[in-house]
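Work through the exercises below with the sequence and the model open beside you, and try each task before reading its solution.

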Amino acid sequence: MKSVSNAYKASMKAMLRNRSYVRITFGNVDTTAATDGEWESNGAASISEFETVDYAYQYGDTYAALELNRWALDGKTLIVPTGEAVQDGFISSLMSDAEGNFSTPPVITREFSLKHIFPGLTLTFDTRQQEWPLEVTADFYLNGEVVDTQTVPVTSVQATITTTATEVDKVTITFDRCLPYRRPRLENVLYGLNVQFVNKDIVSTQQKHDVDPLSRRLPTETMQFTILDYEHKYDPDNPAGIYAYVDKNSPIEIQFGYELPDGSVEWLKPDNYVLNAKPSAQNNQATFNGTGLIGSLTGTFYKSKLGSKSLYDMAEEVLLDAELTLTEQGTNPWEIDEALKDMFTTAALPIDTHMNCLQLIAHAACCRLYTDDDNIIHIRPFGVTVIGIYNGVWADNGHVWFSEWDTVDKGNTAENTYATFELNRWTLGGENQIILPDSNAGQRGYISEAITGADGSFSNPPVFTKTFDVPHDLPVLAIRFDTVLNEFPGAVQVKYYHDDTLLDTQTAAIDSVEVYVSSNLAIECTKIEVTMIGNLPYRRARVTKVYYRETDFTLDFTSIGENSQKISKIDELKSVSVARYSYTASNDTSTLFEGTTTETELHVEFSGLAQDVQISVSGGTLVSSNIYARAADLVLSSGTKTVTITGKTLTENSVVVSYPVAQSGEIDKEENPLITNDTMCEALANHVKNYLQMRNTYEASYRGNPEMEVGDIIGLQTLYTDEMDALILVDEITFDGSLSGKMTVKGLI
């Protein structure tokens, strides 16, 4: 779920919505140039370095330097730490004179090993001090000759330099002029140009996210946008266009905005993708298609080896082999849950795409595989937090006789409250308050025995606890108070426990009838303890609902399209069967490959698994080799030679283990070659069993809300339930001047 303001939430629920906005930032960028070659300079300061220049590194504070107005000592400018590396981007050792000129102009140079195609360069200078050179020159080379020279004045911390060169294998950037007594600084180089499209340019956008909680298939994380292109810039037949500069893996950022009642526009956190194809052109329009980072991992992985290995190491091996670009923080663009370090397999991955290998790992680890809105790949354990979370024991330090906990788990939907001897709670106006009946039936929620004094404080604050039957992760705890009279305490304190160990304490101020308390440490929580702090004078604390969603969004009949809700129910689950794999080596050695080649680098893939692999070369020599479970990479001497590879082949066997659930129903079959021990079998079976016993799935067209994300737990209204917990499985958002959406959710209780 994206973070939004309360004003945004309230306005999105209105019968008539205000205007929505969208902006798409698209980079005509050569994404491979940043990893090809290295920058060099004709002089760099001691704290200068190029490592952060080729990716969007988020720099910290600037360092003091002996330049005009660069040694302010104002408490903000840092002194260079002794003996520590400083990631400060490129800083030239050459300083300008009183007129801003250089006796020897600073120059940086990059030679590529391959030819690259990009429409220009985007240079970012000193964003921290908001300083930039006054003029720069870029020379573009091909085969040792200058094919284009561009000199541009610089008027801000970012400058773009376009080029007419179609191919480039070397670039130089010369800092011609600068402010007086300054060294040029460069924070980032982008090998291409960024373009932004807004409402007036955009015909339509569509995003679809579909993530399987069991990871039995790859996630679908796609986007498409169509723009007006009257100049035919993206028409492949236009020789003056920029179609040729559009790189397949160029970054795309889409961001939605919404006009609030006060006229301001609230922009949501953007979603990031990469382009997965060249644009198509038709009828003065250009259409682009993008995918999440997982969908771009179409390269082949073949380097898996036999032997016991953790799923964590296996996933990291696949991702490192994919050679992904670093994040803005200079880190790898993935997060693998630490739990995978304790999950081991003796199998080797098949020769397949990087993304298919990740899917096998995630499935074996009982994890969800997805990319987030920052385009970071995640492999993390999936357990819907509300499964079984309503099973437990409530307790409190005192309540009135007509208080009850039964409806707190389900939500008190009563429209009336009971008149009580509290200030302004015995009005008998005939609207919201009724006399308490003799029987103890009804939906009343929790009502504390303690009552505030004249100053609104409790002498003995109300405290309630819930002890769960099984541990749960509780990133968000939502508490709803007195919805009838719109009353709530001033604050709550929540303590999270695992058995007797305190995990975390969070205190949240309250300004509405519902409060959300977040914790990153409430992992494997077995008990919560909630203390209510302050209230109106002479009031008891009331709680009508406690739940565990990340959002208050409800897919109800005010937002669902008329007659669009479709309900399906899978068959009852009889059992889960899991195949456990093992591998038996042949007693005899056989020939895996034999052939004559003139190549000096040879890649060989075997027909199956093999071990004890031996390589012999006649007519030449084997310089080096890397041997894997299903392939080998050889470096050979020059000339014609014969290569023979021998080894013992392995036969794959499987034993199916069945885990019963009910007397009748469907049998679910799980097959994954990475499952090689009973522990993995049982864990996968329990994981699948827990999920498939939630049988109801709901599909609906709705008004569309970019705040929602796949994996969020939301409220759901059906013909028979006012509000139930539901997990978003598929979310599709379309914008063609206004928002609309489609959503598929799994009912959780």
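## Exercises on loops, cysteines and cores

To begin, Glu524 is partly exposed, with a relative accessible area of 40%; keep in mind that the model is a predicted one.

**Exercise 1.** Locate Glu524 and say what is notable about its phi.

*Solution.* Start with the place: Glu524 sits in the loop between β35 (514-518) and β36 (525-533). Next, read the backbone angle, which is near 55°, a positive value in a residue other than glycine. For background, most residues other than glycine have a negative phi.

**Exercise 2.** Carry out the reading for Asn143, and decide whether Asn143 is buried or exposed.

*Solution.* Asn143 lies in the loop between β6 (135-142) and β7 (145-153), and although Asn143 is not a glycine, its phi is positive, at about 55°. The relative accessible area of Asn143 is 57%, so this residue counts as exposed, the cut-off being over 50%.

**Exercise 3.** Explain why Cys367 forms no disulfide.

*Solution.* A disulfide requires two cysteine sulfur atoms within 2.5 Å. The closest cysteine sulfur to that of Cys367 belongs to Cys366 and is 7.1 Å away, which is too far for a bond. By this rule the count of disulfides comes to zero. Cys367 is nevertheless buried, at 0% relative accessibility.

**Exercise 4.** Describe the largest nonpolar core and the contacts of Leu340.

*Solution.* The largest nonpolar core has 57 residues, and Leu340 is one of those with the most contacts inside it. Leaving aside neighbours within four places in sequence, Leu340 is in contact with residues including Leu311, Ile361 and Cys367. Apart from this core lies another, of 43 residues, among them Leu275 and Tyr702.

How values were computed. Residues are numbered from 1 along each chain as its sequence is written. This is a predicted model: local features need pLDDT of at least 70, side-chain atom pairs count only at pLDDT 80 or more; totals for chains, interfaces and linings use all residues. Side-chain values use heavy atoms; hydrogens and water are left out. A nonpolar core is a set of buried Ala, Val, Leu, Ile, Met, Phe, Trp, Tyr and Cys residues joined through side-chain atoms within 4.5 Å. Buried means under 20% relative accessible area, exposed over 50%, partly exposed in between (1.4 Å probe, protein chains only). Contact means heavy atoms within 4.5 Å. Helices (H or I, at least four residues) and strands (E, at least two) are DSSP runs, numbered from the N terminus.
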